[in-house]
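Open the model in your viewer and keep the selection tool at hand. The stops below say what to select next and what is there.

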Amino acid sequence: MLSNFSYIRPKSLNEASKQLATDGARLFAGGTDLLGCLRDHVFEMNKMVSISSLKELKGIKKTADGGIRIGSLTTISEVSENPLVSAQYRALAQAAREVASPQLRNQGTIGGNICQKPRCWYYRGEFHCLRKGGDTCFAVSGENQYHCILEGGPCFIVHPSDTAPALVAFQASVHIAGPKGIRTVAVEKFHVLPNVDVLRETVLEPGEIVTEILLPPAQGVKSSYRKVRTRASWDFALAGLALAIKFNGDVIAGARAVLSGAAPIPWRSPEIENAIIGRRLDESIAAKAAESAMMNAGPLAQNDYKIPLFHGMIEEELLATQKAS
Ligand SMILES: Cc1cc2nc3c(=O)[nH]c(=O)nc-3n(C[C@H](O)[C@H](O)[C@H](O)COP(=O)(O)OP(=O)(O)OC[C@H]3O[C@@H](n4cnc5c(N)ncnc54)[C@H](O)[C@@H]3O)c2cc1C
């Protein structure tokens, strides 16, 4: 049973931000994650602030520099189908298509997707874990087959969003509006590691709202998002990779590689990037890149299967992206 709360639908961003800055208030975008958290008593709420009437937060537009701007209330379905996204940001369109199920993609927003709470079953269950202010990460000695293998500790969640790794690969940034004004943060710096602050997943402060996501131009960049999961649909990544690669002829001039299903935040892999930049991709380079990506992996008792899974997937995806149009 949900506890009582008030429901507010502000008419302006300013008002929404003011309402959200009060204790116990939560932002409602599409509600697909928020309502689950409330039903599971992950946290309590006394005021739901719906931003659904803020039309300025919806839609996808070209920007003057040749990039695009995606309003945070744009649904994941719209992102997956938009021609501006597919034309320059193939990895983002692919990642959006990999999210959850058609129903959830129609209701869930891109802003909510990058701000969603982690899926750890201890955090979502009746456990007073570290992330809920307790003193134990139950995954360490518990069921940890879906937890992280990189940058874990003191909590071992994996970051759940499929779109965030693609956004990091394209060097996207978010505009954030809040009580102190507007600020811009690179998506790469938006998520917070547990060893920095175990009680939060993002840099958002009380009252702050992600208003839009900005992607710089990416002409000539070959990109892809690959996700491996247990079920063919409606499942989070066991292992994933977003790639954005610039070729000069058949030599790699620049690359960004970001892992999902690996770490508590979308995990940029300089090891992959360094192994491929300045080279022609072949099987041996792809294998070396995959191996170096997992060099620092520290699996828990039940998730070391992720290491060979990442090896194979990274190798395959590097070679496939080279051939992609
Ligand atoms: C069964 C199931 C399977 C799923 N599978 C996947 C999957 O495979 N891949 C994947 O990526 N996701 C998956 N998801 C997560 C889903 O994509 C998210 O629930 C959805 O994207 C959240 O969007 P929303 O608009 O519904 O957010 P909401 O539920 O409204 O909000 C989610 C959180 O973000 C905050 N928030 C929302 N918008 C903003 C904003 N603009 N500014 C600041 N804070 C904000 C809210 O306060 C809340 O804490 C799954 C969810 C479910 C229920």
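Select Phe5, which sits in the segment before strand E1 (6-8). The model is a predicted one. Phe5 has a relative accessible area of 31% and is therefore partly exposed, since the partly exposed class runs between the 20% limit for buried and the 50% limit for exposed. Add Leu2 and Tyr7 to the selection: with Phe5 they form a nonpolar patch on the surface, and together the patch has about 270 Å² of accessible area.

Next, go to the ligand and show the residues around it. The shell holds 32 residues, and those that come nearest are Leu27, Thr32, Thr109, Asp162 and Trp234. Sorted by class, the shell around the ligand contains 15 nonpolar, 11 polar and 6 charged residues.

Which backbone atoms should be labelled here? Start with Leu27, where a polar backbone atom is 2.7 Å from an oxygen atom of the ligand. Move on to Gly31: a backbone N or O atom of this residue lies 2.8 Å from a ligand oxygen atom. Then take Asp33, which has a polar backbone atom 2.8 Å from an oxygen atom of the ligand. With a surface drawn on the ligand, note that the ligand taken alone exposes 960 Å², of which the protein buries 93%.

Now colour the chain by secondary structure. Which elements give two or more residues to the shell around the ligand? They are strand E2 (25-28), helix H7 (110-115) and strand E8 (209-215). H7 gives the most, with 4 residues.

From H7, pick Ile114 and measure across to Phe156. The C-alpha atoms of Phe156 and Ile114 are 18 Å apart in space, and the two residues are 42 apart in sequence. Phe156 lies in the loop between H8 and H9. Is Phe156 buried or exposed? Its relative accessibility is 15%, so Phe156 counts as buried, the limit being under 20%.

Stay in this loop and select Pro154, which is found between helix H8 (121-124) and helix H9 (163-169). The peptide bond from Gly153 to Pro154 is cis, and its omega is near 0 degrees. For context, most peptide bonds are trans, and most residues other than glycine have a negative phi.

The backbone angle to check next is that of Glu151, also in the loop between H8 and H9. Phi of Glu151 is near 60 degrees, a positive value in a residue that is not glycine. Glu151 has 34% relative accessibility and therefore counts as partly exposed.

Follow the chain to Gln171, in the loop between H9 and strand E6 (173-178). Gln171 is not a glycine either, yet has a positive phi of about 60 degrees. With a relative accessible area of 52%, Gln171 is exposed, the limit for that class being over 50%.

For the last stop, select helix H5 (residues 90-97). Why does H5 count as largely enclosed by the rest of the structure? Because 6 of its 8 residues are buried. The buried residues of H5 are Ala91, Leu92, Ala93, Gln94, Ala95 and Ala96. Show their side chains with the rest of the protein as a surface to see this enclosure.

Terms used. Residues are numbered from 1 along each chain as its sequence is written. This is a predicted model: local features need pLDDT of at least 70, side-chain atom pairs count only at pLDDT 80 or more; totals for chains, interfaces and linings use all residues. Side-chain values use heavy atoms; hydrogens and water are left out. A residue is near a molecule or strand if one of its heavy atoms lies within 4 Å of it. A polar contact is a pair of N or O atoms within 3.5 Å; within protein, one must be able to donate a hydrogen and the other to accept it, and residues adjacent in sequence count only if both atoms are side-chain atoms. Accessible areas come from the Shrake-Rupley method with a 1.4 Å probe; for residues, only the protein chains shown count as cover. Ala, Val, Leu, Ile, Met, Phe, Trp, Tyr, Cys and Pro count as nonpolar, Asp, Glu, Lys and Arg as charged, and the others, Gly among them, as polar. Patches are made of residues with over 30% relative accessible area and no salt bridge: like charges are joined within 9 Å, nonpolar side chains (Val, Leu, Ile, Met, Phe, Trp, Tyr) within 5 Å. A salt bridge is a side-chain nitrogen of Lys or Arg within 4 Å of a carboxyl oxygen of Asp or Glu. Buried means under 20% relative accessible area, exposed over 50%, partly exposed in between (1.4 Å probe, protein chains only).
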